[in-house]
2 protein chains.
Amino acid sequence: MKTAEIIAIGSELLGPSRVDTNSLWLTEKLSDIGVEVQLKTIVGDDGARLEEAIADALKRADIVITTGGLGPTEDDITRGCTAKALGRELVYHDDIETILRERFRAWGREMPEINKRQAFVIEGADILENPRGSAVGMLTAVGKKRVINLPGPPRENQPMFTDLVLARLKELVGEVFIERRLMKIVGMGESAVDEMAAPIYTSFEGVQTSILFNKTEVELQIAVRRDSQAEAETTADELTARLADAFGIAMFTTTGETMEAVVGRLLSERSETVAFAESCTGGLVSRRITEVPGSSAYFLEGLVAYSYPAKVRMLGVRQETLDEFGAVSAECAREMAEGALKVSGATHAVSVTGIAGPDGGTDDKPVGTVFFAYAGPSGTRSIKLLLPGDRYLIRWRSSQAALDLLRRSLLRQ
Amino acid sequence: MKTAEIIAIGSELLGPSRVDTNSLWLTEKLSDIGVEVQLKTIVGDDGARLEEAIADALKRADIVITTGGLGPTEDDITRGCTAKALGRELVYHDDIETILRERFRAWGREMPEINKRQAFVIEGADILENPRGSAVGMLTAVGKKRVINLPGPPRENQPMFTDLVLARLKELVGEVFIERRLMKIVGMGESAVDEMAAPIYTSFEGVQTSILFNKTEVELQIAVRRDSQAEAETTADELTARLADAFGIAMFTTTGETMEAVVGRLLSERSETVAFAESCTGGLVSRRITEVPGSSAYFLEGLVAYSYPAKVRMLGVRQETLDEFGAVSAECAREMAEGALKVSGATHAVSVTGIAGPDGGTDDKPVGTVFFAYAGPSGTRSIKLLLPGDRYLIRWRSSQAALDLLRRSLLRQ
């Protein structure tokens, strides 16, 4: 498999507020043709560091792409540093200067003299024309390796790559066939997922996996490489099926869907509806389910009953229940879900009530104590969880547990 | 000036979908103490490359910080590679294993055997405890230089840096005096903000500014560098006051508060309460206001009335209003706010109803049409906005406009 490294150039990319979007985009395009990006570097306007970064990258990778630093000002140093790293000269091209002068004239301006720098090109490099800006790009063959210099602005960088670079890299790389799947698992940690998944995926050849914990779910991604797309798909299907089997109901999607999309799909398929009664999540469960376009088909309403009186008035929770067990209790959760079911007329209702912190915890009910209840055709049931994390995470994890309780209830019907 | 390099570790960071937020945050914190980040590397789970990256960085920079790769799974390789790059051994600490086992038990689970790996620490390194996760960090002195290994999850990484690393780096670096302020402006674009702010901030020496558009607000950050902290603060105060004057009510914070925190503070100061009636935002406004700890003091309830019947039953919207003007109308928004005010007994109520898309738009009311109403002691008023963006952004911007309507109403009382 061919490998690539990307070097993004410019002091502004080392600041706290700028994200290097080009490299994210390039990584995706390279991955599509079977080239793996193994390292990215972000370097400021320091010539020595840049030269070293290019030389080092070329030792390791088949393809080195730089972005940025091709402008006319003092601190645009990519041309010179790339040439030095390759041990080549910069050659002046008067045709580039002519084109630049014409373009400036078309904008009604004279070309500033410093733009002359942009007419220098690395010896032996192919020029990549840039109809969208003043900086041409370069593609230099170094034996079987390739060094590509692209301009920084995404609206110049990305079309140049698509129009002038991609086809030539494809030729270099040859055809590859990759099929990817994204599975998600709820209620298990990263290491527990890996312990269960590893014996399965390691029994397949040519499969790359990555496992990532994302707030409250584990993402298990596979990339299957085969000699044809059909073979890659067949193997991906088989591996996915075996993993789905092993994880059972804990794996809530094999196609990368969000939890809220899965729940929405299950409700749509059944032509059923839902309402939520929320306390500590403060509207987050309703917000998540309505993130999915078309959710008005199955989501009727959300009752964010933050205060005691709101719980009594909106949901019909009994004052005695609150007095005896408190708002954070299985009893209150059950009455909230049953109340939401009744007032909304929905097929299903789910409630959440708990202590998200940072204050409000007690010995009996520490921060992170959350009760959930489901009410629907099969009756009412409640669960209690003790969730780790800060306020943000406890609330997020509570919303996930509420949606998951609904999902499991729908699948069990 | 001391220099730093940051190395972010993990294949997932080389993918197209994940942004390395830690390094942005770390860059800012390092800049605060006068350390300049000169290079960033993102490396996958390739041991040889990581080892080389750490060794190279240590040649160039005074401080090398790695993030990620400290988990228990096969592809978490930071411990081993850092040790090799420094020419040191990994040493097993049974006290770390003991703590890990106890922590897993507190979660009601047995520690998986692979987590044992997390008990290995680089020879001579100081252990950085991690109350928020299973991976401890490390700080290793290499002559006058420092190598710091931090866990990847921002919720572990950032507190560890703040609590255990920052003070020690300050000691290393010596004193610099920088005062920063983060102002936020709503209802204006990035370039309009810069046009208004530039004549003011350019009249000050030794001030760095950055302007960043963030979904629905513009962040204007200033960093004032002076010979003493008192001088830096005085100048920052003066510049902030002049900017606040220029922007007026559009600048909702000069101290980096979120919109929901500002609204919460205004309500708390007045000992008043609020309720929300939401349609297209689906609970997002309630979710945002309850993101602030202690919000139960002023937030009574949220009524997410997604369906027509819910609007009628929960909020007392008249069926004739829905028939004549539709749910997306100033009339419906007004009745929603007035209904929420009445049923909740809150001091103030705000409603949102609109078309978040992607479907549901008409010629009259295209996607992005959103009506808001405020009802309270000063009466009822409604506004209409046409918001750009996709479903996610329209919903986010609607939540911001709803909170801002409340803020402006509170300030005008």
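Strands S3(B) and S8(B) of this predicted model run parallel and are joined by five bridges, where two strands count as paired if DSSP finds at least two bridges between them, and where helices (H or I, at least four residues) and strands (E, at least two) are DSSP runs numbered from the N terminus. Within this pairing, Ile65(B) has Ile148(B) of S8(B) as its bridge partner. S3(B) also pairs with S1(B), again in the parallel sense and over five bridges, and here Ala8(B) stands opposite Thr67(B). Five of the five residues of S3(B) are buried, buried meaning under 20% relative accessible area, exposed over 50% and partly exposed in between (1.4 Å probe, protein chains only). Both faces of the strand are covered, with Ile63(B), Ile65(B) and Thr67(B) on one side and Val64(B) and Thr66(B) on the other.

Helix H2 of chain B, residues 21-32, belongs to these surroundings. The buried residues of H2(B) pack against strands S1, S2, S3 and S8 and helix H6 (154-173) of chain B, contact being defined as heavy atoms within 4.5 Å. Those buried residues are Asn22(B), Ser23(B), Leu24(B), Trp25(B), Leu26(B), Thr27(B) and Leu30(B). The twelve residues of H2(B) reach 17 Å from the first C-alpha to the last, close to the expected 16 Å, a span defined as 1.5 Å times one less than the number of residues. Just after H2(B), Gly34(B) takes a positive phi of about 80 degrees.

A second sheet involves both chains. Ten strands form an open sheet of mixed pairing, in the order S17(A)-S16(A)-S15(A)-S13(A)-S14(A)-S14(B)-S13(B)-S15(B)-S16(B)-S17(B). The edges are held by S17 (379-386) of chain A and S17 (379-386) of chain B, each of which has a single partner strand, so one side of each is left without a neighbour in the sheet. On average, neighbouring strands of this sheet are turned by 10 degrees against each other, direction ignored; axes here are lines fitted to C-alpha atoms, for helices over the stretch in contact, and angles run from 0 to 180 degrees between N-to-C directions. Towards the chain A edge, S16(A) (residues 369-376) and S17(A) run antiparallel and are joined by eight bridges, with Val370(A) and Leu385(A) as bridge partners.

In chain B, S13(B) and S14(B) run parallel and are joined by five bridges, one of which pairs Ala277(B) with Leu303(B). Both faces of S13(B) are covered, since Val274(B), Phe276(B) and Glu278(B) on one side and Ala275(B) and Ala277(B) on the other are all buried. Helix H11 (308-315) of chain B lies across S14 of chain A together with S13, S14 and S15 of chain B, running at about 150 degrees to S14(B).

The largest nonpolar core, a set of buried Ala, Val, Leu, Ile, Met, Phe, Trp, Tyr and Cys residues joined through side-chain atoms within 4.5 Å, has 62 residues, and Phe276 and Ile289 of both chains are among those with the most contacts inside it. Apart from this core lies another of 26 residues, including Ala277(A) and Ala305(B). Leaving aside neighbours within four places in sequence, Ile289(B) is in contact with residues including Val274(B), Phe276(B), Tyr298(B) and Leu403(B).

Residues are numbered from 1 along each chain as its sequence is written, while chains are lettered from A and ligands numbered from 1 in the order in which they are written. Local features need pLDDT of at least 70, side-chain atom pairs count only at pLDDT 80 or more, and totals for chains, interfaces and linings use all residues, while side-chain values use heavy atoms, with hydrogens and water left out.
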